[in-house]
Amino acid sequence: MQTLRQQIEHYEPFNEQEESDRRLILQYMDTFPDLLTRENEMAHFTASCWIANHDQTKVLMAYHNLYRSWAWLGGHADGEEDLLQVALREANEESGITGIRPQTKDIFSLEILGVDAHRKRGRHVSSHLHLNVTYFFYADDTLPLRVKPDENSAVRWIETGHVMDEVSEPEMRVVYQKLMEKMWLLY
């Protein structure tokens, strides 16, 4: 199995944003030894998942309490280098979805995402960067879903044509649009 660094080095960027973010993520990896944990308060790895139904007409999203927007599922690496497993675990924890199947074990997308300062579990979290690795999964859109109240207040399948209408974070609309384009073009 390839290391996370090897996966990122071998990743073929989709556009200029991914090329730039890939280069910067590799520079961060050369500079900071602790990017897999939140102990690095400036930047750390996260894993996200873009989950589509089998005919790619809907994607699974959660209404994120912190960002007050519909969002993909995912979370912090918290010391784990296998970000595919992090994404799978987070998808299940945040939505209750079962039977998720990776389209491939390869990275689907790379992003460096800015996170504004906020409070979490009663403590201040300073602004920082998420070095995000995204994976593409398929799931059955008829299976039951559940909310994870400490992170989201709703989970549902959203038709791909309505994703932009539901997302209130302008910077994430660009990311989600890219993911939909990649999903339709590459698979």
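Reader: Which residue takes a positive phi just after helix α3?

Author: In this predicted model, helix α3 covers residues 83–95. Just after the helix, a positive phi of about 80° is taken by G96.

Reader: What span does helix α3 reach from its first C-alpha to its last?

Author: Helix α3 has 13 residues, and 1.5 Å a residue is the expected rise. The span in the model is close to that expectation, at 18 Å.

Reader: Which residues of α3 are buried?

Author: Buried here means under 20% relative accessible area. In α3 the residues that meet this cut-off are L83, L84, V86, A87, L88, E90, A91, E94 and S95.

Reader: How many residues of strand β9 are buried?

Author: Strand β9 spans residues 128–138 and is mostly covered. Of its 11 residues, the number buried is 10.

Reader: In which sense, parallel or antiparallel, do β1 and β9 pair?

Author: Strand β1 comprises residues 43–52 and is joined to β9 over 10 bridges. Within β9, Y135 stands opposite C49. The sense in which β1 and β9 pair is parallel.

Reader: How many bridges join strand β6 to β9?

Author: Strand β6, residues 109–115, runs antiparallel to β9. E111 has N132 as its bridge partner in β9. The number of bridges joining β6 to β9 is 7.

Reader: Which residue in β9 does P102 stand opposite?

Author: Strand β5, formed by residues 101–102, pairs with β9 in the antiparallel sense over 2 bridges. Opposite P102, in β9, stands F137.

Technical notes: Residues are numbered from 1 along each chain as its sequence is written. This is a predicted model: local features need pLDDT of at least 70, side-chain atom pairs count only at pLDDT 80 or more; totals for chains, interfaces and linings use all residues. Side-chain values use heavy atoms; hydrogens and water are left out. Buried means under 20% relative accessible area, exposed over 50%, partly exposed in between (1.4 Å probe, protein chains only). Helices (H or I, at least four residues) and strands (E, at least two) are DSSP runs, numbered from the N terminus. Two strands pair if DSSP finds at least two bridges between them. The expected span of a helix is 1.5 Å times one less than its number of residues.
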